[in-house]
Amino acid sequence: MPVNLKIKFNGSKSDIKPFWVPVAFELQPKKAARPIRVLVKDFEKDIKDEPRKRSCYFEIPNLPRGVYAFRVHDLYTGYPIIREPNLELKAREVEYKFKPRFRPRFGPEVREEISPKAKKKPRPGVLKQPNTYAMDLTVDAPYRIEKSYHYLPVIVYIKDITPGDVRIKSIDFDTYSESEGYTSLPPESIYKVLDRDGTKLEKDGLPFLLRLDLGKDYETATTDPWYRIILLHKDKLKPLQGDYLGYKNVRYLQYQVKVTYRKLFEFSKQFVFRTLVPEFDLPRPEDWYYGDNHYHSDFTDNPYEYGGPLPMTAEVAKAVGFSWVTVTDHSYCLSHPKTPEEEEQGNRWLSYKKAVREANERYKEILLVAAEEVTVRRYTSGLHLLSFGNPFIEDKHPMGFGSLTMKEVFERISESPGDNKGFLFAAHPVSEGYVWKESDYKVAADPEYGDLFVGLQVFNERILYKRITQLSTESYVVDPFALFDENDRQRPWSKELQEGLREHWVKRFLLPSLKQFGRKGSLKKYFILAGSDAHMDFNYALRPHPAFLLHYLNDNAFGKVRTLAYLPKQNGQTLREQSLYGALRTGKTLLTDGPVALFCVRPEGETKVYRLGDTVTFPAGKNLELLLEWHSTPEFGPIERFKLYLGTTKGEKKISDQIDFSGFGGGNYGFQGQVKHVFPSWTESPCYLRLEADTTIDPDADEGLFRCITNPIWIVAE
Ligand SMILES: [Zn+2]
């Protein structure tokens, strides 16, 4: 007799609909070779509500009895998100429920904090995880702090609430030390408390965390979102020394933030963080400035994700060593008005620009730029473009899959008047689901659109550890550091980056443009950029998949992926959007998550020095001088490998062995150094030189844990 399998979800249809991602169910019979695969084709028709219960189900009828290995695959990412090795189908009807079978492993010190009473007798109501279908509460803090920055910024962020409904009772900070475990931070550890609008919170002249209601011991949240930025004195927290997430013997802070609030009932939730406190600032050559080219602020807000408020973003940018951030919120989110004013304008573009302008006025040391991540229509889902300095491009698709095609986007921008044009980069062109195909590049790089398309953001996110985890919705503690283990380590971690560099950039653009030079006599250059694609994610990234009670967890964080831009002659002046955009669109940049290695060239006897992004033209046969310099710190380790590439019409080859590094012995070039090399009578033309450098090479994957990749210098010797 056949079996009906009912796969039951956590929540009613309307609960899970906003989060639904296409999945395939796979049943592999234990005694047969072929698996049975079933796709949910139409969410509305195929998923059915359970009468009188807050759950819904998907039914697979007429399965042969037996034992199966059961898997659920996420069709977007290809991940098997559920693996059930033994599913017995014996009765006429079998129900399969998604339950949190996995209990997070907490250290003993954290375990004590989970009230045993609360565990035995579950409190009524459910404490929601970030981005679930009710209120979101999250806390975040930077993954590292510059040596020269003296504070630890922490944000407590509550969203999706009805103003007046939530009372915040307390925010407590505990710091961890090996001898004492978690101890509470004394009040004098707080340097400054800021409200959303930048006003300071004080009581009797001292910083105070809450704006208490009159005569009460709590603060009622009267805005949505409600948040508070708290700066702690960094040196009031005791640093630990050790290994985690691939870092070896580093100095870091471990602390937890506990937020207690009342919404019908009293709840508290704890967040555990680790923050590197290195003994050195980021390596910083003169006239070069760090930043992020792909980041999401809270103007990105949809059922899947939301970003970080701009003031906190500026605060964390300072802490991690950045001077600028191009904020790239989704065209979809910017196309959906939230206020009557935006309704009238038809989108959020003007209020987004205004919010960025206000954040810049408040934080003079950091330049935030309002850019856009445009979703263009391709097949059923979309493709992403980073749009800098262009008019607003909308995405009116109901699911955010793009309402304009690539051609339409490029036409729209190139037809816009005069100085209203900027430039575009392909966003993460190798990321699963968003891979750029030849046909996409063909449209973008069509000469008809001039120099609109200038390159590829090939370095996207830095994920060394990732896992899919089942956090219970009743979890009172979020501690990713207790969840990651060595099985979650990605080897190699830089597969996407390398493929992007070789297949998409070098083979698709750099080499062909050298060949075209011969025919046309002009050189079309394409550049690369780096971006974190962080959505707040100041310490780690956690994305929900509520239908299955799952979370995607990884160690990407804002600040880990950096673009370093050459911006000379700032002379203490505030950085300007125009000069930053100038550097980005002319390749005066390098990409790094650690060390800095760069070079410049000069035809012998000339005074002008040519830098990354430049083209040097000189008579063939002249000597060419190359000056290579490098900077690293113990946080990333000494440089262990250089790869200097020469690109010609015949292809790319490594020529690092031509350089005399004999002053630096044994495959270790130290934290700092420079070499000068003279190429005698240079004739190769047209060609380019570009550089990569690695530190902390993982022998198992033969890749650096940290690396630097420069844009090229082009050479025309005629
Ligand atoms: Zn993005």
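In this predicted model, the cover over the buried residues of helix H5 includes strands S10 and S17. Strand S24 (324-330), helix H8 (349-362) and strand S25 (367-377) also contribute to that cover. Helix H5 spans residues 310-320 and is mostly covered. Of its 11 residues, 10 are buried. The buried set opens with Leu-310, Pro-311, Met-312 and Thr-313. Ala-314, Glu-315, Val-316 and Ala-317 belong to it as well, as do Ala-319 and Val-320. Gly-321 follows H5 and has a positive phi, near 105°.

The domain assignment divides the protein into four parts, listed here by their bounds. Domain 1 covers 3-97, and domain 2 combines 100-281 with 476-482. Domain 3 combines 286-460 with 561-592, and domain 4 covers 594-717. Between domains 2 and 3, 13 residues of domain 2 are in contact with 12 residues of domain 3. On the domain 2 side of this contact, strand S10 (151-159) and strand S17 (226-233) each supply at least two residues. The largest share comes from S10, with 3 residues. By character, the domain 2 side divides into 7 nonpolar, 2 polar and 4 charged residues. Both S10 and S17 are also among the elements that cover the buried residues of H5.

An open sheet of 3 strands has the order S37-S39-S42, with antiparallel pairing. Its edge strands are S37 (596-603) and S42 (672-679), each of which pairs on one side only. From one strand to the next, the twist averages 15°. Strands of a sheet pair through backbone hydrogen bonds, in either a parallel or an antiparallel manner. Here S39 and S42 run antiparallel and are joined by 8 bridges. Glu-625 has Val-678 of S42 as its bridge partner.

Strand S39 (624-631) also bounds a loop that leads to strand S40 (639-648). Pro-638 is found in this loop. How buried or exposed is Pro-638? Pro-638 has 19 C-beta neighbours inside 10 Å, and therefore counts as partly exposed; a buried residue would need 20 or more. Beyond residues up to four places away in sequence, Pro-638 touches Ser-632, Asn-668, Tyr-669, Gly-670, Phe-671 and Thr-695. One of these partners, Tyr-669, lies 31 residues from Pro-638 along the chain. The C-alpha atoms of Pro-638 and Tyr-669 are separated by 6.5 Å.

Notes. Residues are numbered from 1 along each chain as its sequence is written. This is a predicted model: local features need pLDDT of at least 70, side-chain atom pairs count only at pLDDT 80 or more; totals for chains, interfaces and linings use all residues. Helices (H or I, at least four residues) and strands (E, at least two) are DSSP runs, numbered from the N terminus. A residue is buried if 20 or more other C-beta atoms lie within 10 Å of its own, exposed if 12 or fewer, and partly exposed in between; C-beta atoms are placed from the backbone. Two residues are in contact if their C-beta atoms, placed from the backbone, lie within 7 Å. Two strands pair if DSSP finds at least two bridges between them. Axes are lines fitted to C-alpha atoms, for helices over the stretch in contact, and angles run from 0 to 180 degrees between N-to-C directions. Domain bounds come from an automatic or database domain assignment. Ala, Val, Leu, Ile, Met, Phe, Trp, Tyr, Cys and Pro count as nonpolar, Asp, Glu, Lys and Arg as charged, and the others, Gly among them, as polar.
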